[in-house]
Amino acid sequence: RCLSDWSSDVCSSDLTPPIGNQGLFNFYAPIWLDPSNGNRLFLAGDAIYETNDGGVTWLISGSPSSAPIDSIAVLPGGNVIYVSGGGTFSLTSRFWRSGDDGVSWTPVSLPFGINLHVNELDVDPNDCTGNTVIAVINRFNLGNGQVFRTTDGGATWTDITGNLPAVPTWSAKIDIDPGHTIYVSDETGVYSSPSPYGSWTPVGAGLPHAQGVNLQLNLGSRELAVATHGRGAWLIGLPPLAPLTITKSFNPSTIETGGTSAVSLTLSNPTAACFIGGSFTDTLTNIAAVTGPVTGSCTGTFPSTLTAGQTALNFTGIAIPGSGSCTVSFGVTGTSAGTFSNTTSGLTTIETPFAGPASNTAKLTVLAPPTIAKSFNPNSIPSAGTSVVTLTLANSNLTTALTGAGFTDTLANMRAVGGN
(Lines give C-alpha, C1' and ligand atoms only; values in the text may rest on other atoms or scores of the structure.)
Protein backbone atom coordinates (compact mmCIF):
# COMPACT_ATOMS: atom_id res chain seq x y z
CA ARG A 1 0.00 0.00 0.00
CA CYS A 2 1.54 3.32 -1.09
CA LEU A 3 0.43 6.91 -0.63
CA SER A 4 1.72 9.28 -3.30
CA ASP A 5 1.85 13.07 -3.38
CA TRP A 6 3.21 12.93 -6.97
CA SER A 7 6.71 13.81 -5.78
CA SER A 8 7.40 10.80 -3.60
CA ASP A 9 5.77 7.55 -2.54
CA VAL A 10 5.30 6.44 1.05
CA CYS A 11 4.83 2.70 1.17
CA SER A 12 3.67 0.73 4.17
CA SER A 13 5.05 -2.61 5.23
CA ASP A 14 3.50 -5.83 3.93
CA LEU A 15 -0.25 -5.59 4.48
CA THR A 16 -1.12 -8.97 2.98
CA PRO A 17 -3.80 -10.79 5.00
CA PRO A 18 -3.08 -14.26 6.42
CA ILE A 19 -3.90 -16.37 3.37
CA GLY A 20 -5.35 -19.78 4.08
CA ASN A 21 -4.96 -21.66 0.78
CA GLN A 22 -2.96 -19.97 -1.95
CA GLY A 23 -3.96 -22.74 -4.34
CA LEU A 24 -7.48 -21.30 -4.44
CA PHE A 25 -6.38 -17.91 -5.77
CA ASN A 26 -6.47 -16.88 -9.40
CA PHE A 27 -3.24 -15.53 -10.88
CA TYR A 28 -5.02 -12.16 -10.98
CA ALA A 29 -6.99 -12.25 -7.75
CA PRO A 30 -10.05 -9.96 -7.66
CA ILE A 31 -9.68 -6.85 -5.51
CA TRP A 32 -12.44 -4.37 -4.77
CA LEU A 33 -11.83 -0.93 -3.22
CA ASP A 34 -14.80 0.90 -1.72
CA PRO A 35 -15.11 4.26 -3.52
CA SER A 36 -16.76 5.69 -0.40
CA ASN A 37 -13.93 4.63 1.92
CA GLY A 38 -10.35 4.31 0.70
CA ASN A 39 -9.43 2.20 3.75
CA ARG A 40 -12.03 -0.48 2.96
CA LEU A 41 -10.74 -3.13 0.59
CA PHE A 42 -11.74 -6.69 -0.33
CA LEU A 43 -9.50 -9.47 -1.62
CA ALA A 44 -11.06 -12.74 -2.78
CA GLY A 45 -9.62 -16.18 -3.37
CA ASP A 46 -10.04 -19.10 -0.99
CA ALA A 47 -11.99 -16.74 1.28
CA ILE A 48 -13.25 -13.17 1.39
CA TYR A 49 -10.68 -10.90 3.07
CA GLU A 50 -11.90 -7.45 4.15
CA THR A 51 -10.01 -4.58 5.75
CA ASN A 52 -11.56 -1.36 7.01
CA ASP A 53 -8.33 0.25 8.18
CA GLY A 54 -6.10 0.17 5.12
CA GLY A 55 -4.77 -3.34 5.67
CA VAL A 56 -3.75 -3.07 9.31
CA THR A 57 -6.32 -5.67 10.32
CA TRP A 58 -8.39 -8.09 8.24
CA LEU A 59 -11.77 -9.75 8.60
CA ILE A 60 -12.00 -13.17 6.99
CA SER A 61 -15.30 -14.56 5.72
CA GLY A 62 -15.62 -18.10 4.45
CA SER A 63 -15.96 -18.44 0.70
CA PRO A 64 -19.22 -19.87 -0.63
CA SER A 65 -17.26 -21.40 -3.50
CA SER A 66 -15.09 -24.51 -3.48
CA ALA A 67 -13.19 -23.04 -6.45
CA PRO A 68 -11.28 -19.73 -6.68
CA ILE A 69 -13.34 -16.53 -6.57
CA ASP A 70 -13.26 -14.80 -9.97
CA SER A 71 -15.05 -11.56 -9.19
CA ILE A 72 -16.30 -9.61 -6.19
CA ALA A 73 -18.55 -6.54 -6.15
CA VAL A 74 -19.88 -4.66 -3.13
CA LEU A 75 -22.50 -1.97 -2.63
CA PRO A 76 -20.40 1.15 -1.85
CA GLY A 77 -20.58 1.87 1.86
CA GLY A 78 -22.88 -1.12 2.36
CA ASN A 79 -22.90 -4.78 3.33
CA VAL A 80 -24.29 -6.32 0.14
CA ILE A 81 -21.65 -8.48 -1.58
CA TYR A 82 -21.76 -10.51 -4.80
CA VAL A 83 -19.13 -13.04 -5.84
CA SER A 84 -18.72 -15.38 -8.77
CA GLY A 85 -16.47 -18.42 -8.62
CA GLY A 86 -15.04 -21.11 -10.75
CA GLY A 87 -11.48 -20.17 -11.55
CA THR A 88 -9.88 -18.23 -14.39
CA PHE A 89 -9.83 -21.10 -16.88
CA SER A 90 -13.12 -22.69 -15.90
CA LEU A 91 -15.92 -22.79 -18.42
CA THR A 92 -18.42 -22.62 -15.58
CA SER A 93 -19.31 -20.05 -12.93
CA ARG A 94 -21.37 -20.03 -9.80
CA PHE A 95 -22.78 -16.88 -8.28
CA TRP A 96 -23.63 -15.94 -4.65
CA ARG A 97 -25.05 -12.97 -2.75
CA SER A 98 -24.54 -11.87 0.85
CA GLY A 99 -26.60 -9.19 2.56
CA ASP A 100 -24.64 -9.21 5.82
CA ASP A 101 -21.05 -8.47 4.79
CA GLY A 102 -20.14 -12.08 4.07
CA VAL A 103 -21.53 -13.74 7.20
CA SER A 104 -23.99 -15.80 5.17
CA TRP A 105 -24.41 -16.50 1.45
CA THR A 106 -27.32 -17.29 -0.85
CA PRO A 107 -26.84 -18.95 -4.26
CA VAL A 108 -28.05 -16.82 -7.16
CA SER A 109 -29.26 -18.35 -10.40
CA LEU A 110 -27.45 -17.24 -13.51
CA PRO A 111 -29.75 -16.47 -16.44
CA PHE A 112 -27.49 -18.30 -18.85
CA GLY A 113 -26.82 -21.49 -16.88
CA ILE A 114 -23.56 -22.46 -15.24
CA ASN A 115 -21.69 -23.34 -18.43
CA LEU A 116 -20.51 -19.80 -19.04
CA HIS A 117 -17.84 -17.89 -17.18
CA VAL A 118 -18.69 -14.65 -15.34
CA ASN A 119 -15.55 -12.54 -15.47
CA GLU A 120 -16.80 -9.49 -13.59
CA LEU A 121 -19.70 -8.18 -11.55
CA ASP A 122 -20.57 -4.57 -10.81
CA VAL A 123 -23.14 -3.31 -8.29
CA ASP A 124 -25.15 -0.33 -9.50
CA PRO A 125 -24.45 2.67 -7.20
CA ASN A 126 -27.76 4.19 -8.32
CA ASP A 127 -29.67 1.47 -6.42
CA CYS A 128 -29.15 1.94 -2.69
CA THR A 129 -30.62 -1.51 -1.97
CA GLY A 130 -27.78 -3.27 -3.76
CA ASN A 131 -30.21 -5.30 -5.85
CA THR A 132 -29.08 -4.05 -9.26
CA VAL A 133 -26.02 -5.81 -10.66
CA ILE A 134 -24.29 -6.20 -14.03
CA ALA A 135 -22.60 -9.49 -14.99
CA VAL A 136 -20.33 -9.90 -18.02
CA ILE A 137 -19.10 -13.19 -19.47
CA ASN A 138 -15.74 -13.62 -21.16
CA ARG A 139 -16.54 -16.69 -23.22
CA PHE A 140 -18.05 -16.88 -26.68
CA ASN A 141 -21.78 -17.37 -26.17
CA LEU A 142 -22.89 -18.08 -29.74
CA GLY A 143 -24.92 -14.88 -29.86
CA ASN A 144 -26.84 -15.67 -26.65
CA GLY A 145 -25.60 -12.60 -24.79
CA GLN A 146 -22.50 -11.23 -23.09
CA VAL A 147 -23.93 -8.60 -20.69
CA PHE A 148 -26.76 -9.26 -18.24
CA ARG A 149 -28.54 -7.12 -15.65
CA THR A 150 -30.63 -7.92 -12.60
CA THR A 151 -32.69 -5.47 -10.53
CA ASP A 152 -33.89 -7.96 -7.92
CA GLY A 153 -30.68 -9.34 -6.49
CA GLY A 154 -30.30 -12.07 -9.09
CA ALA A 155 -33.78 -13.60 -9.03
CA THR A 156 -34.32 -12.59 -12.65
CA TRP A 157 -31.99 -11.32 -15.35
CA THR A 158 -32.26 -9.31 -18.57
CA ASP A 159 -29.92 -9.70 -21.53
CA ILE A 160 -28.80 -6.15 -22.42
CA THR A 161 -26.13 -7.17 -24.92
CA GLY A 162 -28.07 -5.53 -27.75
CA ASN A 163 -25.82 -4.56 -30.63
CA LEU A 164 -22.52 -5.32 -28.86
CA PRO A 165 -20.10 -7.56 -30.74
CA ALA A 166 -20.69 -11.23 -29.89
CA VAL A 167 -17.23 -11.60 -28.33
CA PRO A 168 -15.93 -12.19 -24.79
CA THR A 169 -16.66 -9.23 -22.52
CA TRP A 170 -14.28 -8.51 -19.66
CA SER A 171 -15.35 -5.60 -17.52
CA ALA A 172 -18.30 -3.30 -16.69
CA LYS A 173 -18.81 -0.09 -14.74
CA ILE A 174 -21.98 1.89 -14.00
CA ASP A 175 -22.08 5.68 -13.89
CA ILE A 176 -24.28 7.93 -11.72
CA ASP A 177 -25.07 10.31 -14.58
CA PRO A 178 -28.74 10.98 -15.48
CA GLY A 179 -28.74 8.05 -17.92
CA HIS A 180 -27.11 5.65 -15.43
CA THR A 181 -24.74 4.82 -18.27
CA ILE A 182 -23.11 1.40 -18.33
CA TYR A 183 -19.59 1.05 -19.76
CA VAL A 184 -18.25 -2.33 -20.90
CA SER A 185 -14.95 -3.45 -22.39
CA ASP A 186 -14.52 -6.47 -24.63
CA GLU A 187 -12.20 -7.94 -27.23
CA THR A 188 -12.67 -4.92 -29.51
CA GLY A 189 -12.76 -1.87 -27.24
CA VAL A 190 -15.00 0.10 -24.86
CA TYR A 191 -18.72 0.76 -25.35
CA SER A 192 -21.43 2.65 -23.48
CA SER A 193 -25.20 2.53 -23.26
CA PRO A 194 -27.60 4.68 -21.21
CA SER A 195 -30.79 3.33 -19.70
CA PRO A 196 -32.90 1.48 -20.89
CA TYR A 197 -29.78 -0.24 -22.30
CA GLY A 198 -29.13 -2.36 -25.34
CA SER A 199 -28.05 0.34 -27.80
CA TRP A 200 -24.26 0.57 -27.48
CA THR A 201 -21.82 3.05 -29.01
CA PRO A 202 -18.00 3.14 -28.92
CA VAL A 203 -16.58 5.45 -26.25
CA GLY A 204 -14.42 8.26 -27.59
CA ALA A 205 -11.85 7.98 -30.35
CA GLY A 206 -8.21 6.96 -30.59
CA LEU A 207 -8.36 3.79 -28.51
CA PRO A 208 -6.31 1.03 -30.15
CA HIS A 209 -8.10 -2.04 -31.38
CA ALA A 210 -7.20 -4.19 -28.38
CA GLN A 211 -8.73 -6.37 -25.72
CA GLY A 212 -10.00 -4.20 -22.86
CA VAL A 213 -9.42 -6.35 -19.81
CA ASN A 214 -10.38 -3.95 -17.02
CA LEU A 215 -12.34 -0.72 -16.58
CA GLN A 216 -12.18 1.73 -13.69
CA LEU A 217 -14.57 4.66 -13.24
CA ASN A 218 -13.65 7.61 -11.02
CA LEU A 219 -16.95 9.28 -10.15
CA GLY A 220 -15.30 12.27 -8.49
CA SER A 221 -12.87 13.25 -11.24
CA ARG A 222 -15.25 12.04 -13.97
CA GLU A 223 -12.69 9.81 -15.69
CA LEU A 224 -12.98 6.35 -17.24
CA ALA A 225 -9.83 4.23 -17.52
CA VAL A 226 -9.25 0.99 -19.42
CA ALA A 227 -6.33 -1.41 -19.17
CA THR A 228 -5.71 -3.28 -22.42
CA HIS A 229 -3.88 -6.49 -23.23
CA GLY A 230 -0.59 -5.32 -24.66
CA ARG A 231 -1.51 -1.76 -25.65
CA GLY A 232 -1.22 0.03 -22.33
CA ALA A 233 -3.74 1.88 -20.16
CA TRP A 234 -5.97 4.66 -21.46
CA LEU A 235 -7.99 7.43 -19.88
CA ILE A 236 -10.94 9.51 -21.09
CA GLY A 237 -12.86 12.33 -19.43
CA LEU A 238 -16.62 12.05 -18.97
CA PRO A 239 -19.25 14.83 -18.93
CA PRO A 240 -19.60 16.57 -15.57
CA LEU A 241 -22.48 15.74 -13.27
CA ALA A 242 -25.10 18.19 -12.11
CA PRO A 243 -23.75 19.41 -8.75
CA LEU A 244 -25.25 18.76 -5.37
CA THR A 245 -26.90 21.93 -4.09
CA ILE A 246 -27.61 23.50 -0.73
CA THR A 247 -30.22 26.14 0.11
CA LYS A 248 -30.49 28.16 3.30
CA SER A 249 -33.27 29.90 5.20
CA PHE A 250 -34.00 31.45 8.60
CA ASN A 251 -37.27 30.92 10.45
CA PRO A 252 -38.30 33.42 11.59
CA SER A 253 -36.28 35.74 9.42
CA THR A 254 -36.67 38.60 11.93
CA ILE A 255 -35.87 38.36 15.64
CA GLU A 256 -35.23 40.73 18.53
CA THR A 257 -31.71 40.92 19.94
CA GLY A 258 -31.21 37.85 22.10
CA GLY A 259 -34.01 36.02 20.30
CA THR A 260 -33.62 32.73 18.44
CA SER A 261 -34.09 31.75 14.79
CA ALA A 262 -33.82 28.28 13.25
CA VAL A 263 -31.40 27.84 10.35
CA SER A 264 -32.64 25.28 7.82
CA LEU A 265 -30.23 23.90 5.20
CA THR A 266 -31.68 21.74 2.44
CA LEU A 267 -29.19 19.42 0.75
CA SER A 268 -30.33 18.20 -2.69
CA ASN A 269 -28.94 15.33 -4.77
CA PRO A 270 -29.94 15.35 -8.48
CA THR A 271 -28.41 11.90 -9.11
CA ALA A 272 -29.91 8.56 -8.15
CA ALA A 273 -26.77 7.54 -6.26
CA CYS A 274 -26.76 7.44 -2.47
CA PHE A 275 -23.98 9.77 -1.36
CA ILE A 276 -22.32 9.51 2.03
CA GLY A 277 -19.77 11.57 3.90
CA GLY A 278 -21.45 14.83 2.90
CA SER A 279 -19.80 17.93 4.37
CA PHE A 280 -20.05 21.71 4.28
CA THR A 281 -19.05 24.72 6.34
CA ASP A 282 -21.16 27.58 7.62
CA THR A 283 -19.44 30.70 8.91
CA LEU A 284 -21.90 32.82 10.89
CA THR A 285 -21.35 36.58 10.66
CA ASN A 286 -22.70 38.85 13.42
CA ILE A 287 -24.80 35.94 14.68
CA ALA A 288 -23.88 32.78 16.62
CA ALA A 289 -25.18 29.32 17.38
CA VAL A 290 -27.22 28.67 20.51
CA THR A 291 -26.78 25.59 22.68
CA GLY A 292 -28.95 22.82 21.32
CA PRO A 293 -29.27 19.82 19.01
CA VAL A 294 -28.60 19.70 15.29
CA THR A 295 -31.81 18.33 13.81
CA GLY A 296 -33.29 17.70 10.37
CA SER A 297 -34.01 14.74 8.12
CA CYS A 298 -30.39 14.05 7.05
CA THR A 299 -28.75 11.08 8.74
CA GLY A 300 -25.20 10.80 10.01
CA THR A 301 -24.77 14.55 10.59
CA PHE A 302 -21.85 15.43 12.86
CA PRO A 303 -21.76 17.25 15.20
CA SER A 304 -25.17 16.42 16.61
CA THR A 305 -25.14 19.34 19.06
CA LEU A 306 -23.81 22.89 19.11
CA THR A 307 -22.71 25.11 21.98
CA ALA A 308 -23.55 28.76 22.48
CA GLY A 309 -21.29 31.21 20.69
CA GLN A 310 -20.03 28.96 17.90
CA THR A 311 -19.62 30.80 14.61
CA ALA A 312 -17.36 28.55 12.50
CA LEU A 313 -19.44 25.44 11.87
CA ASN A 314 -18.21 22.36 10.02
CA PHE A 315 -20.70 19.57 9.35
CA THR A 316 -19.56 16.13 8.16
CA GLY A 317 -20.69 12.52 7.77
CA ILE A 318 -24.01 13.35 6.11
CA ALA A 319 -25.88 10.76 4.02
CA ILE A 320 -27.84 12.33 1.15
CA PRO A 321 -30.54 10.20 -0.51
CA GLY A 322 -30.51 9.62 -4.24
CA SER A 323 -32.86 11.75 -6.36
CA GLY A 324 -33.96 13.59 -3.25
CA SER A 325 -33.03 15.94 -0.46
CA CYS A 326 -32.68 16.16 3.29
CA THR A 327 -32.30 18.92 5.84
CA VAL A 328 -29.91 20.05 8.58
CA SER A 329 -31.25 22.54 11.15
CA PHE A 330 -29.90 24.37 14.19
CA GLY A 331 -30.61 27.51 16.23
CA VAL A 332 -28.86 30.88 16.12
CA THR A 333 -29.13 34.19 17.93
CA GLY A 334 -27.92 37.75 17.47
CA THR A 335 -26.90 40.37 20.00
CA SER A 336 -26.31 43.27 17.61
CA ALA A 337 -29.07 44.91 15.61
CA GLY A 338 -28.95 44.84 11.83
CA THR A 339 -29.72 42.76 8.77
CA PHE A 340 -27.05 40.14 8.26
CA SER A 341 -26.44 38.18 5.07
CA ASN A 342 -25.20 34.62 5.35
CA THR A 343 -24.20 31.89 2.88
CA THR A 344 -23.06 28.30 3.31
CA SER A 345 -20.23 26.62 1.43
CA GLY A 346 -20.78 24.19 -1.41
CA LEU A 347 -21.46 20.57 -0.60
CA THR A 348 -18.96 17.73 -1.02
CA THR A 349 -19.28 13.97 -0.52
CA ILE A 350 -16.82 11.11 -0.60
CA GLU A 351 -18.02 10.24 -4.09
CA THR A 352 -18.04 13.87 -5.30
CA PRO A 353 -15.05 15.54 -3.61
CA PHE A 354 -15.26 18.75 -5.60
CA ALA A 355 -17.58 21.26 -3.91
CA GLY A 356 -20.79 22.27 -5.60
CA PRO A 357 -22.05 25.86 -5.62
CA ALA A 358 -22.44 27.81 -2.41
CA SER A 359 -25.92 28.28 -1.03
CA ASN A 360 -28.21 31.19 -1.71
CA THR A 361 -27.75 34.29 0.44
CA ALA A 362 -30.15 34.17 3.37
CA LYS A 363 -30.80 37.22 5.55
CA LEU A 364 -31.58 37.43 9.23
CA THR A 365 -32.80 40.75 10.62
CA VAL A 366 -32.03 41.35 14.29
CA LEU A 367 -34.09 44.19 15.77
CA ALA A 368 -33.06 46.32 18.68
CA PRO A 369 -35.95 46.74 21.16
CA PRO A 370 -37.59 50.15 21.33
CA THR A 371 -36.61 52.50 24.13
CA ILE A 372 -38.83 54.65 26.29
CA ALA A 373 -37.87 57.84 28.10
CA LYS A 374 -39.99 59.59 30.75
CA SER A 375 -40.07 63.14 32.00
CA PHE A 376 -42.24 65.46 34.16
CA ASN A 377 -42.92 69.08 33.27
CA PRO A 378 -42.67 70.82 35.58
CA ASN A 379 -40.73 68.40 37.69
CA SER A 380 -41.67 70.15 40.93
CA ILE A 381 -45.24 70.98 41.95
CA PRO A 382 -47.10 71.92 45.17
CA SER A 383 -49.44 69.45 46.79
CA ALA A 384 -52.47 68.88 44.49
CA GLY A 385 -50.65 70.68 41.67
CA THR A 386 -50.40 69.28 38.16
CA SER A 387 -47.45 68.11 36.07
CA VAL A 388 -47.42 66.69 32.53
CA VAL A 389 -45.86 63.28 32.03
CA THR A 390 -44.16 62.86 28.65
CA LEU A 391 -43.16 59.37 27.42
CA THR A 392 -40.89 59.29 24.38
CA LEU A 393 -40.83 56.00 22.45
CA ALA A 394 -37.81 55.57 20.12
CA ASN A 395 -37.03 53.02 17.41
CA SER A 396 -33.33 52.78 16.52
CA ASN A 397 -33.90 50.28 13.69
CA LEU A 398 -33.31 52.32 10.58
CA THR A 399 -35.47 50.48 8.06
CA THR A 400 -38.00 48.54 10.13
CA ALA A 401 -41.09 50.10 11.68
CA LEU A 402 -42.19 48.56 14.97
CA THR A 403 -45.92 48.02 15.39
CA GLY A 404 -48.23 46.96 18.20
CA ALA A 405 -46.11 48.64 20.86
CA GLY A 406 -47.43 48.63 24.42
CA PHE A 407 -46.24 49.49 27.91
CA THR A 408 -47.51 49.98 31.47
CA ASP A 409 -46.94 52.88 33.85
CA THR A 410 -47.59 52.36 37.54
CA LEU A 411 -47.81 55.71 39.35
CA ALA A 412 -46.48 55.66 42.89
CA ASN A 413 -47.70 58.32 45.36
CA MET A 414 -49.44 60.17 42.53
CA ARG A 415 -52.43 59.68 40.28
CA ALA A 416 -53.64 60.73 36.89
CA VAL A 417 -55.92 63.71 36.42
CA GLY A 418 -58.77 63.80 33.94
CA GLY A 419 -58.11 65.04 30.45
CA ASN A 420 -56.66 64.03 27.10
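This report walks through the fold of a predicted single-chain model, from its overall shape down to a few backbone details.

Because the model is predicted, local features need pLDDT of at least 70 and side-chain atom pairs count only at pLDDT 80 or more, while totals for chains, interfaces and linings use all residues. Residue numbers start from 1 along each chain as its sequence is written, and side-chain values use heavy atoms, with hydrogens and water left out.

## Overall picture

Let's begin with the whole chain. It has 34 strands and zero helices; these are DSSP runs, with helices being H or I of at least four residues and strands E of at least two, numbered from the N terminus. The C-alpha trace spans about 120 × 45 × 45 Å along its principal axes. The radius of gyration is 32 Å, whereas a compact globule of 420 residues would have one near 22 Å. That value is taken over C-alpha atoms, and the globule rule is 2.2 Å times the number of residues to the power 0.38.

Of the 420 residues, 43% count as buried. Buried means under 20% relative accessible area, exposed means over 50%, and partly exposed lies in between (1.4 Å probe, protein chains only). The chain exposes about 21,000 Å², and carbon and sulfur atoms supply 55% of that area; accessible areas come from the Shrake-Rupley method with a 1.4 Å probe, and for residues only the protein chains shown count as cover.

Among contacts with a separation of 6 or more, 51% are between residues 24 or more positions apart, a contact meaning heavy atoms within 4.5 Å. As for charge, the chain has 13 positive and 25 negative charges, whose mean positions are 11 Å apart. Here Lys and Arg count as positive and Asp and Glu as negative, while His and the chain ends are not counted. Each charge is placed at NZ of Lys, CZ of Arg, CG of Asp or CD of Glu.

## From β7 to β10

Strands of a sheet pair through backbone hydrogen bonds, either parallel or antiparallel. In this report, two strands pair if DSSP finds at least two bridges between them.

A good place to start is strand β7 (residues 69–74): six of its six residues are buried, so β7 is largely enclosed by the rest of the structure. β7 forms a hairpin with β8, with six residues between the two strands, and Gly77 in the turn has a positive phi of about 75°. From β8 the pairing passes on to β9, where Arg97 is the bridge partner of Tyr82. Arg97 also stands opposite Thr106 in β10.

The table collects antiparallel pairs from this stretch and from the two sheets described below.

| Strand pair | Bridges | A bridge pair |
|---|---|---|
| β7 and β8 | five | Val74 and Ile81 |
| β8 (81–85) and β9 (94–98) | five | Tyr82 and Arg97 |
| β9 and β10 (106–107) | two | Arg97 and Thr106 |
| β16 (182–186) and β17 (190–193) | four | Tyr183 and Ser192 |
| β26 and β30 (324–333) | two | Ala289 and Val332 |

## Two open sheets

One open sheet has four strands in the order β15-β16-β17-β18, with antiparallel pairing. β15 (169–174) and β18 (201–202) stand at the edges with a single partner strand each, so one side of each is left without a neighbour in the sheet.

Another open, antiparallel sheet of four strands runs in the order β22-β24-β30-β26. Its edge strands are β22 (245–251) and β26 (288–289), and each pairs on one side only.

## Backbone details in the loops

Most residues other than glycine have a negative phi, and most peptide bonds are trans. With that in mind, some loop residues deserve a look.

His180, in the loop between β15 and β16, has a positive phi near 50°. At 23% relative accessibility, His180 counts as partly exposed. Ser323 also has a positive phi, of about 50°, and lies in the loop between β29 (312–320) and β30. With 55% relative accessibility, Ser323 counts as exposed.

Cis peptide bonds also appear. The bond from Ser195 to Pro196 is cis, with omega near 15°, and Pro196 sits in the loop between β17 and β18. The bond from Phe302 to Pro303 is cis too, with omega near 0°; Pro303 lies in the loop between β27 (292–293) and β28 (305–306).
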